[in-house]
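Look at the structure below and pay attention to the charged side chains. The text after it follows a few of them and asks what each one meets.

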Amino acid sequence: QVQLVESGGGLVQAGGSLRLSCAASGRTFSGRGMGWFRQAPGKEREFVAAVTWSGANTNYADSVKGRFAISRGNAKNTVYLQMNSLKPDDTAVYYCAALRGSYYPSEIDYWGQGTQVTVSA
């Protein structure tokens, strides 16, 4: 079993920055890639970014390329999402995810509870 706990969401003005964190625990966490997804009101959950188990490789949705950066802590059980140049369209609940495999695309085995990010115009 893997448990994921997100933090760092909040309210920010357009053009501002936020850093999300996800702390993972559980004996089956090793070897998994990690990702961030988001869901805006009335929309489906969508992929934002992912990082491999080693942290060496990342991939991003086109809508956030150049603005967001995903990274993994040295102990590999923490994942961050640095969000810069935020836009009102980035407003959503952001979810941390533990992948079944070591990289994305992959099935998602575990989800965090989500953290709200609101960007005002």
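In this predicted model, R72 touches F29, R32, G33, M34, V51, T52, W53, T78 and V79, leaving out residues up to four places away in sequence. R72 itself belongs to strand β7, which covers residues 68-72. What does the side chain of R72 have for a partner of opposite charge? The nearest such side chain, D109, is 12 Å away, and R72 is buried yet has no salt bridge. A salt bridge needs the nitrogen and the carboxyl oxygen to be within 4 Å, so D109 does not qualify. Instead, polar atoms of the R72 side chain lie 3.0 Å from the backbone oxygen of R32 and 2.9 Å from the backbone oxygen of T52.

A second arginine, R67, sits in the loop between β6 (58-60) and β7. Is R67 buried or exposed? Its relative accessible area is 12%, and because buried means under 20%, R67 counts as buried. The side chain of R67 reaches a backbone oxygen, that of S63, at 2.9 Å. R67 also has a charged partner: its side chain and that of D90 meet in a salt bridge, with N and O 2.8 Å apart. D90 lies in the loop between β8 and β9, so this pair ties together parts that are 23 residues apart in sequence. Both D90 and R67 are buried.

Side chains of opposite charge can pair when their charged atoms come close. The structure holds 6 salt bridges. In one of them, E46 and R38 meet at 2.7 Å, N to O. R38 is buried, with a relative accessible area of 6%, whereas E46 is partly exposed at 36%. R38, E46, R67 and D90 are linked in a network of salt bridges. Another salt bridge joins K65 and D62, whose closest N and O atoms are 3.2 Å apart. D62 counts as exposed, at 65% relative accessibility.

Now turn to the nonpolar residues. The largest nonpolar core has 33 residues, and those with the most contacts inside it are L4, M34, W36, L81, M83 and Y94. Strands that each supply at least two residues of this core include β4 (34-39), β7, β8 (78-83) and β9 (92-99). Two of the core residues named above also touch the arginines: M34 is among the contacts of R72, and M83 is among those of R67. Besides R67, the contacts of M83 include L18, L20, F68, Y94 and V117.

Methods
Residues numbered from 1 in each chain as written. Predicted model: local features only at pLDDT ≥ 70, side-chain atom pairs only at ≥ 80, totals over all residues. Heavy atoms only, no water. Helix = DSSP H or I, 4+ residues; strand = E, 2+ residues; numbered from the N terminus. Buried < 20%, exposed > 50% of the residue type's maximum accessible area, 1.4 Å probe, protein only. Lys, Arg positive; Asp, Glu negative; His and termini not counted. Polar contact = N/O pair within 3.5 Å; in protein donor to acceptor, adjacent residues only side chain to side chain. Contact = heavy atoms within 4.5 Å. Core = buried A, V, L, I, M, F, W, Y, C linked by side-chain atoms within 4.5 Å.
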